[in-house]
Amino acid sequence: MNDSYQIGEGTNFIQLEVKVGTVGQASTKVDLESVGVIAKSTTTSGGCIPATIVGLASDILGKRLMIRTQIVLPKIHPVSIHYQLSGGSVDAKIKSTEEDVVSDDSGLNVTITKVIQFV
Amino acid sequence: MKTKALITTGLLLLSFDSFSQEQELNLKELEIPTSPAFILLDKAPTTIESPNTGKAFIVSAINAVSEADGIPKNYAVELTPFWFFKNPNMTAYKYFGYNPETKKQTIWKDISKASFSVAFVSEQDSINNVNLSNVAVGGRTRILSTWNKKDIADYNLVNDSLISFLESRDERMSQEIPDSLAWSNREEYNKRVAEFLERDAYDPILLKLKDDLNHILNRRPLFAIDAAIAYNHVFLDNSFDNNRFGRFGAWLTTSYSQVLDKNNGNQMYLNFYALGRYLRDGTTVENEQYIRQNYFDLGGKIEYEYKKIAVAYEYIYRLNKVENTFRSAGILKYKLMDQLAITCSFGKNFGAENNLVAFLGLNWGLNFGSEQVKLK
């Protein structure tokens with residue numbers, strides 16, 4: 001089930017911040033439906049993305065945001081990830097759920113996909 | 001019979017290895033668990049252990065093959081909580097101990113990886129000749145450590161390559177699995193992502209990078225200070241009410257490791273250690289009574305390490321009010337194969353009587369522990 005974020009139809013800018021907590025190498029990419037890649041993590045950021053403007057509320061209303069994080073772990077260790085959204089009706093902190101996390105049999109190669117719909 | 005028991009014990013412990021590694025384990029990975037609880041009870045082949053950061057969960061056992069048909073009866077369990085809890089502020093660089101923005105090392109990085117241990121050791125009481133059950137609890141942590149400049153340069157290189165690989169993985173994933181599937185049919189999307197990851201995990205480039213990364217993370221730090229504390233209580237004749245104080249100890253170990261083959265994979269080291277230890281001992285018998293004494297141990301160890309072999313000499317001087325004494329011993333460790341190594345030590349132990357150190361043991365190096373069987 002996709003998460004949603006209430007943004008309204010105003011001229012306010014919607015911002016996203018991705019916080020990843022892991023001992024492994026991580027890379028995150030943010031895709032906005034029908035726009036493409038709007039943000040990427042750097043080689044030293046550990047998969048985190050600082051607060052980034054997604055777009056004007058009126059422009060992105062009804063669109064989906066897909067945030068995908070790829071991780072390689074040196075050892076089994078639980079990964080912490082959450083998404084901070086602001087600029088809408090209220091600020092929201094969305095956490096990853098079990099459904100978002102997929103790994104290989106070893107548990108060392110992990111993909112976390114979060115889909116957020118702007119409503 | 002002894003050989004059979006030895007092999008059976010080894011196989012039983014090997015079967016616990018749920019996190020089997022693909023790459024060859026080095027000697028550092030194979031070191032027998034050095035839980036402070038075991039060290040306090042003098043069950044380690046060396047008094048100055050090569051400090052190591054804790055593994056998630058270690059079960060270890062020590063016993064003479066000549067006793068109980070080689071089935072260990074002395075056990076220790078060591079747990080490192082760090083590996084079981086989420087850390088929202090952790091990154092790969094913080095885990096390694098380097099800040100790429102400031103280009104400075106984070107020398108306190110391992111404090112959060114403190115481990116805690118419990119040991120159970122059975123012995124005979126020297127006064128009453130009844131069964132003694134030693135229970136010891138301990139904790140240890142690495143206070144600080146620093147890397148060589150080359151370790152940091154190598155880590156940066158591998159980190160960048162791994163991030164590039166992950167970016168490429170994401171692109172390949174997008175080409176193979178439509179992004180829209182993530183919201184239209186999540187079950188199907190997750191199934192296809194899992195299949196993709198399963199295949200991608202065996203990509204030779206990834207395997208090489210992971211191997212390189214593990215080798216860097218397993219290198220010895222240039223300099224490290226480790227702290228440990230342990231307490232031991234003794235229960236007599238299997239009675240909970242019949243108990244007495246055993247030992248208490250707190251010690252600091254500093255280590256300096258000089259790489260001798262910087263351009264050839266960091267497999268040859270010359271290690272120097274210094275130990276400072278306070279012991280409150282309640283195991284000495286005087287007039288058929290156990291008395292309590294304070295010991296202060298000061299010592300050092302020099303160790304040459306090359307791939308599968310480590311040769312060391314340690315000397316520890318013990319100060320106390322009654323008599324000053326010392327321990328002087330040579331130690332040899334040799335890795336026979338992955339997950340199996342041999343350790344032996346020979347020399348003089350503390351005190352004037354019963355002071356021969358003669359130890360030969362096999363180590364099963366497991367990812368979450370190792371097993372040692374003492375051969376007499």
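# Buried sides and a shared contact

User: Which residues of helix 8 of chain B are buried, and what makes a residue count as buried?

Analyst: The buried residues of helix 8 of chain B are B:L209, B:K210, B:L213, B:N214 and B:I216, because each has 20 or more other C-beta atoms within 10 Å of its own, whereas 12 or fewer would make a residue exposed and a number in between partly exposed, with C-beta atoms placed from the backbone. Helices (H or I, at least four residues) and strands (E, at least two) are DSSP runs, numbered from the N terminus. This is a predicted model, in which local features need pLDDT of at least 70 and side-chain atom pairs count only at pLDDT 80 or more, while totals for chains, interfaces and linings use all residues. Residues are numbered from 1 along each chain as its sequence is written, and chains are lettered from A and ligands numbered from 1 in the order in which they are written.

User: How do you know on which side of helix 8 of chain B the buried residues B:L209, B:K210, B:L213, B:N214 and B:I216 lie?

Analyst: B:L209, B:K210, B:L213, B:N214 and B:I216 are the buried residues of helix 8 of chain B. They cover an arc (taken from the directions from the helix axis to the C-beta atoms) of only 160 degrees around the axis, and therefore they sit on the same side of helix 8 of chain B. Their cover includes strand 6 (64–72) of chain A together with helix 5 of chain B.

User: What makes the span of helix 8 of chain B close to the expected one?

Analyst: The expected span is 1.5 Å times one less than the number of residues, and helix 8 of chain B, with 14 residues, reaches 20 Å from its first C-alpha to its last, close to the 20 Å expected.

User: How many residues does each chain bring to the contact, and which helix of chain B gives the most?

Analyst: Chain B brings 36 residues and chain A brings 33 residues, where two residues are in contact if their C-beta atoms, placed from the backbone, lie within 7 Å. Among the elements of chain B that give two or more residues to this side are helix 5 (149–176) and helix 8 (204–217), and helix 5 of chain B gives the most, with 8 residues.

User: Why is chain A called as compact as a globular protein of its length?

Analyst: Chain A has 1 helix and 10 strands. The radius of gyration of chain A is 14 Å, close to the 14 Å that the globule rule gives for 119 residues, so chain A is as compact as a globular protein of that length; the radius is taken over C-alpha atoms, and the rule is 2.2 Å times the number of residues to the power 0.38. Buried residues make up 45% of the 119 residues in chain A.

User: Why is B:K103 called exposed, and where in chain B is B:K103 found?

Analyst: B:K103 has 8 other C-beta atoms within 10 Å, and therefore B:K103 is exposed. B:K103 is found in the loop between strand 3 (98–99) and strand 4 (104–105) of chain B, and has a positive phi of about 60 degrees although it is not a glycine. B:N238, in the loop between strand 7 (223–236) and strand 8 (243–259) of chain B, has a positive phi of about 55 degrees although it is not a glycine, and is exposed because 11 other C-beta atoms lie within 10 Å.

User: Where in chain B does pLDDT stay under 50?

Analyst: pLDDT, the predictor's confidence in each residue from 0 to 100, stays under 50 over residues 1–27 and over residues 365–376 of chain B. Chain B averages a pLDDT of 81, and 77% of the residues score at least 70. Where pLDDT is low, the predicted coordinates should not be read in detail.
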